[in-house]
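Trainee: I'm new to this one, so can I quiz you about it while we look? I'd like to hear how each label is earned.

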Amino acid sequence: MELVQEEPSLNGDVEEDNDIENDNDRDLSGDIPLRETGHKRAHFPAVRKKAYIFDGYGEFYNKEWDLTEGTGIEFCWYHVELPKGNHKLSQVAQYLIDVLCPPLKLQDILSLVSNGPFCGHVDGALVYRVNSPGPASSDFTFRIAARITENSVITVSLGRVPRLGFSPMGESLLSEVPRVESPSYVRGERKDGGGIVIREHVLEFLLTMNHSEGCDNPVPRTVSNLVVHIIDTHVDQLQDVVTKLELELDSVEIEMDKGSCGFALKKQMLDDRRFPKLHLNLQRLLQVIAHGEQVFPRVKEKCSSKRWFANEDIISLEELIGRLRRLKENVGFIANRVTAIQAGLDSWQAEQINRKLYYLSFLSIIFLPLSIITGVFGMNVGGVPWTGQRDPALKNGFRNVLLLCVAMLFLVLLCFSFPAIYARIDSSRRQRALRRSWSLNRKSFLKRTTSAGPERGGYHRI
């Protein structure tokens, strides 16, 4: 199996000679694959790459994408951001081969790109992944994988991960004194009296995060700090999705409780299958959280044996695992709320159908007598009144048809009332049989009591 393609040559004659020699070599070598050297990378423009180097004292710098490890207390971080889209796993693997090989090997690429949870050592490095098997274009599909060594970390994510970067020292937004926005303030400008104007959309963003302590990330000083930061941002991303779902469901429930949710909106929700799709997405989200519950405890267990992994970071991993468990319970509550809303919409739809059937039955009640009258006077028989038919040979036709209709009506009513008549006859027969058996038992009891006259108090001697 060829993993790379040959690059076209600029020299036509030399290329033809090389092709002849390569064909001869293939004939001689049989099925042995040829290893190509000096291959030029076919870079994919959709893949984003970021490379940083940390000095171990709270400072970091951008570096070239050379996939080298740090020395001493320095360590490097290489992050690959895969595009969100309906790509095959083989195409994603080609993306990673293009940006990570060499020095990584094929087993490293497969351990990073495969679906499902995984945590273990691959070629001397600790590798973990939390990759959900859903479509990559979905907002509820999350994929994060990392390859960790003592002086380097390589991470692969699907799409952009919020707050994955770092804030410069001393420039934290949360440490500022906020001020209310007014026309006298310039956007983002500090005025006399202290404080900085916080725009409304910034406040909405901080409130929807529900974990504002993580919006300004400190620069990691060790590899263990960086690993905790990567897992923390993954959990924060899941928390953001859950918080947005809660706010959306709150607004829908308020509208439905107030009755302001009109006919068109409810019908649109049912036609779009909004809540069944949301329930399916919640199941995907639960799967991602369950994968994290499987992987991150194993990461903590394996990292606890590393001498370069700090104890306080082990405690941080335990807290993140606890957050995941609480998040799983919260998603379960949201799924129950979605089911309740869908049940309310189904009952509303059933009520609308019953109301339409009521109107239809009311119209049928109005037009049924009219249809009977028109049917009677539209019969092609003699003797129909008010029609001027004077032929004595046909004068009994109308009467005969009416007698036939009455007989058919009586037969139909008899068929419908037969079960009730049969049940009444059967119950009366059962009652008569019960009375007969009771009278026989009473007579036999009287005979037994009168035949024991001389005994004491009516009792037999033992």
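Trainee: Let's start with a place. In which strand is threonine 155?

Mentor: Threonine 155 sits in strand E7. Keep in mind as we go that this is a predicted model.

Trainee: Why is threonine 155 called buried?

Mentor: Its relative accessible area is 1%. Buried means under 20%, so threonine 155 counts as buried.

Trainee: What makes the link between the side chains of threonine 155 and histidine 79 a polar contact?

Mentor: The pair is at 2.7 Å, and the cut-off for such N or O atoms is within 3.5 Å. One atom must also be able to donate a hydrogen and the other to accept it. The label polar contact therefore applies to threonine 155 and histidine 79. The side chain of threonine 155 makes another polar contact, with the side chain of tryptophan 77, at 3.0 Å.

Trainee: Which residues does threonine 155 touch, leaving out those up to four places away in sequence?

Mentor: Trp77, Tyr78, His79, Val80, Ala145, Ala146 and Ile230.

Trainee: Now lysine 50. Why is lysine 50 called partly exposed?

Mentor: Lysine 50 has a relative accessible area of 39%. Buried would need under 20% and exposed over 50%, so lysine 50 falls in between and is partly exposed.

Trainee: Where is lysine 50, and what is it in contact with?

Mentor: Lysine 50 is found in strand E1. Setting aside neighbours within four places in sequence, lysine 50 is in contact with Trp65, Trp77, Tyr78 and His79. There is also a C-alpha separation of 8.0 Å between lysine 50 and asparagine 62, which are 12 residues apart along the chain.

Trainee: On to the empty spaces. How many cavities of 30 Å³ or more does the structure hold?

Mentor: Two. The largest has a volume of about 80 Å³, and the second largest about 60 Å³.

Trainee: What makes a space a cavity rather than a pocket?

Mentor: In a cavity a 1.4 Å probe fits but cannot get out, whereas a pocket is open.

Trainee: Which residues line the second largest cavity?

Mentor: Lysine 50 turns up again here, along with Tyr52, Trp77, His79, Leu164, Gly165 and Phe166. Strands E1 and E3 (75-82) each supply at least two residues of that lining.

Trainee: How do you know how many residues of that lining are nonpolar, polar and charged?

Mentor: The split is four nonpolar, two polar and one charged. Tyr and Trp go with the nonpolar class, Lys with the charged, and Gly with the polar.

Trainee: And which elements each supply at least two residues of the lining of the largest cavity?

Mentor: Helix H2 (89-100), helix H3 (106-113), strand E6 (143-148) and strand E7 (152-158). E6 gives the most, with three residues. Among the lining residues are Leu89, Leu112, Arg143, Ile144 and Val156. By class, that lining has eight nonpolar, two polar and one charged residues.

Trainee: What makes the backbone of leucine 67 worth a remark?

Mentor: Leucine 67 has a positive phi of about 60 degrees although it is not a glycine. Most residues other than glycine have a negative phi. Leucine 67 lies in the loop between strand E2 (60-62) and E3. At 11% relative accessibility, against a cut-off of under 20%, leucine 67 counts as buried.

Trainee: Which other residue has a positive phi although it is not a glycine, and is that residue buried or partly exposed?

Mentor: Arginine 273, with a phi of about 55 degrees. Its 47% relative accessibility is not over 50% and not under 20%, so arginine 273 counts as partly exposed. Arginine 273 is in the loop between helix H6 (263-272) and helix H7 (274-303).

Trainee: Which residues does a cis peptide bond join in the loop between H2 and H3?

Mentor: Proline 102 and proline 103 are joined by one, with omega about 10 degrees, and both prolines lie in that loop. A cis peptide bond also joins cysteine 101 and proline 102, with omega about -20 degrees. Most peptide bonds are trans.

Trainee: Last one: how many helices and strands does the chain have, and what share of its residues count as buried?

Mentor: Nine helices and nine strands. Of the 462 residues, 33% count as buried.

Key:
Residues are numbered from 1 along each chain as its sequence is written. This is a predicted model: local features need pLDDT of at least 70, side-chain atom pairs count only at pLDDT 80 or more; totals for chains, interfaces and linings use all residues. Side-chain values use heavy atoms; hydrogens and water are left out. On a 1 Å grid over the protein atoms alone, a cavity is a set of points where a 1.4 Å probe fits but cannot get out, and a pocket is an open set with protein on both sides within 12 Å along at least five of seven lines; lining residues have an atom within 4 Å of a point. Grid points are joined across faces, edges and corners, and a volume is the space filled by probe spheres set on the points. Helices (H or I, at least four residues) and strands (E, at least two) are DSSP runs, numbered from the N terminus. Buried means under 20% relative accessible area, exposed over 50%, partly exposed in between (1.4 Å probe, protein chains only). Contact means heavy atoms within 4.5 Å.
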